[in-house]
Amino acid sequence: MKSRKTRVIEIEPLTRVEGHGKVTVHLDDEYKVSQARLHIVEFRGFERFIRGRLLWEVPVIVQRLCGICPVSHHIAAAKAMDMIVGVDQLTPTAEKIRRLMHYGQVMQSNVLHFFHLSSPDLLFGFDAAPQRRNIFAVIKEFPELARQGILMRKYGQEIIQHTAGKKIHGTGAIPGGVNKNLPLKTRDALLKDVDQMLSWAKNALEIAKNYTLEHRSLVETFANFKSNYLSLVRTDGALDLYHGDLRAVDAGGNTIFDQVDYRRFNDYLMEEVRPWSYMKFPFIKSLGNLDGWYRVGPLARMNTGLCFTTTGSMKTIRSAIAI
Amino acid sequence: MSKKRIATVSLAGCFGCHMSLLDIDERLIELLQCVELDCSPLNDFKKFTRRCDIGLIEGGCCNEDNVYVLQEFRRNCELLVAVGQCATMGGLPVMRNAIMHGEDPLRECLDEAYMGSAKVLNPDNQIPNDPALPLLLDRVYSCAEVVKVDYQIPGCPPSGDLLWSVLQSLLKGELPELDWSQIKYD
């Protein structure tokens, strides 16, 4: 008699990702995949930790959620504390410093993802031997490219250091503003390297573009799925990496909601608890827990933003969409 | 000289210490000339391929898997190094070891995250409990409370520069005494 027991394949730990997770693939009697699950296996309890603490502590506590994107949590908490201390308008300097801090964060985290974690897959292929699938093999086989990635991440980290005080887990954003400025000398030192960074970033974009063109059939089918998208956008609908209102679109690009004050996110979003992950499952209330899940992050920002305001970005996006 | 073998892991940590290790920047290229990386979140080795000279541990122990992995590292590494606040003293997650006026702090943390709120959909009122999830320990432990640790580097995280200077000494077989200015409990 055939066993009714499902077979489970475990992939553990997940590596070259940002966080603690494992994947289980559940097979049915015919050895077909019935479920694939991403389990977030870490639970700490920040929701409770911050209750009853001094309010200036909150931005430095919650950033310890993640050592890769600490600035995002640091600033989100600082914004919440702004409201508590009654500051609805930062000084122009404070806003610029916080913005710069987060731009540094977005830069180092995206570089980390592209060069340090993902580039082995693009350069050597998914099926390369495990010994090669890491940044150290990239350093050996593509030393110049690896050097660019390392220096771009360094640049983002240095921006964070100068605005937050430390490269990881700084203290720069405080309730109502920031606790340090950016001396002109430091600003000029950072500006000196901007053109180099931009040219390397364009080079990286070219790598991604060529990879996509050369592996079109793989890219079109592998991990390609429809979803809703959510991000912050500016009042005029432009992409923004620091501040804005919530905009959600469906897989066809149709608006689900737009220009929602982020302080009212609870009215539009909810989280579901499922027994097999410590991570909760957020969803858009109006679509329900099964259909309301959405993607966030760089891809979502590309899909929700109506326009992009930095030099050359609109052209770049158009050429990406054309591909 | 043959290359030293290093393994790294993040237990109940935030990956900040691993990021700080990457903050040695160009010196990564130099490191590669005297070091080979065994299992680590930075590559695709899920298990030890052979015995290692140095094991770098980020994070303390908050669940059963953390304990198994830490013991595995102890068995497979000549020198075990606790890197950062969480590994040396439990770090921020130890906030759940004691909550003021709380009888059962871990329960309070779980309740706050998963139960009884209009913001959370949890019809069965359950806390995640699937066998695929590691069981949480009664409290958060530092590495030295679980296994013998040979060397500790404080800091949240220790800076890339500090990690670099310590690593260079460890690779020469020395256990460096940290200057007071390098010891930061932030």
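Two strands are taken to pair if DSSP finds at least two bridges between them. In this predicted model, that criterion is met across the chain boundary: β9 (269-272) of chain A and strand β6 (residues 120-121) of chain B pair in the parallel sense, over two bridges. Within this pairing, A:Glu272 has B:Leu121 of β6(B) as its bridge partner.

β9(A) also pairs with β10(A), here in the antiparallel sense and over four bridges. In this pairing A:Leu269 stands opposite A:Ile284 of β10(A). The resulting sheet is open, has three strands in the order β10(A)-β9(A)-β6(B), and shows mixed pairing. β10 (281-284) of chain A and β6 of chain B stand at the edges of the sheet with a single partner strand each, so one side of each is left without a neighbour in the sheet. Strands of a sheet pair through backbone hydrogen bonds, in either a parallel or an antiparallel sense.

The contact between the two chains involves 48 residues of chain A and 49 residues of chain B. On the side of chain A that touches chain B, the elements giving two or more residues are α1 (46-49), α5 (135-141), α6 (143-164) and β9 (269-272). The largest share comes from α6(A), with four residues. By residue class, this side of chain A divides into 20 nonpolar, 14 polar and 14 charged residues. β9(A) is thus named both among the elements that give two or more residues to this side and in the sheet order β10(A)-β9(A)-β6(B).

How values were computed. Residues are numbered from 1 along each chain as its sequence is written. Chains are lettered from A and ligands numbered from 1 in the order in which they are written. This is a predicted model: local features need pLDDT of at least 70, side-chain atom pairs count only at pLDDT 80 or more; totals for chains, interfaces and linings use all residues. Two residues are in contact if their C-beta atoms, placed from the backbone, lie within 7 Å. Ala, Val, Leu, Ile, Met, Phe, Trp, Tyr, Cys and Pro count as nonpolar, Asp, Glu, Lys and Arg as charged, and the others, Gly among them, as polar.
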